[in-house]
Amino acid sequence: MSEQITPEVSERICAHMNEDHANAVVLYAQAFGGSPEATAAEMVSIDPHGMNLTAQVNDTPVPVRVEFDHVLESAEDAHHTLIEMVKQARAKSK
């Protein structure tokens, strides 16, 4: 059985995304968070229903909530969902 999304798992996922996939986090804010003008973003937390980001819009930090299209069942589900979402965001921006 895969890990549930606890606060500790959320912190781990956020740290990984912010350190290794910062461009993807910006895409989430732009494509799914209603902030197409975001120039940077940080993932603050993730839960089974969505993720909380802080996006930089016109040099101002703006809170952004992105809801998932389904309730995440596990950390593995989060991994696959985040990958699929970045693919969708890249396709939208073409």
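Student: What makes the 6 positive and 15 negative charges of the chain lie 9 Å apart in their mean positions?

Tutor: The value follows from how charges are counted and placed: Lys and Arg are positive and Asp and Glu negative, with His and the chain ends not counted, and the place of a charge is NZ of Lys, CZ of Arg, CG of Asp or CD of Glu. On that basis, the mean positions of the two sets are 9 Å apart. This is a predicted model, in which local features need pLDDT of at least 70 and side-chain atom pairs count only at pLDDT 80 or more, whereas totals for chains, interfaces and linings use all residues. Residues are numbered from 1 along each chain as its sequence is written, and side-chain values use heavy atoms, with hydrogens and water left out.

Student: How do you know that the radius of gyration of the chain agrees with that of a compact globule?

Tutor: The rule, applied to C-alpha atoms, is 2.2 Å times the number of residues to the power 0.38; because 94 residues would give a value near 12 Å and the chain has 12 Å, the two agree.

Student: Why are strand 1 and strand 2 called paired?

Tutor: Two strands pair if DSSP finds at least two bridges between them, and strand 1 (residues 40–47) and strand 2 (residues 50–57) have seven, in the antiparallel sense. They form a hairpin with two residues between them, and D47 stands opposite G50 in strand 2.

Student: What share of the chain is called buried?

Tutor: Buried means under 20% relative accessible area, with a 1.4 Å probe and protein chains only, and such residues make up 37% of the 94.

Note on methods:
Buried means under 20% relative accessible area, exposed over 50%, partly exposed in between (1.4 Å probe, protein chains only). Helices (H or I, at least four residues) and strands (E, at least two) are DSSP runs, numbered from the N terminus.
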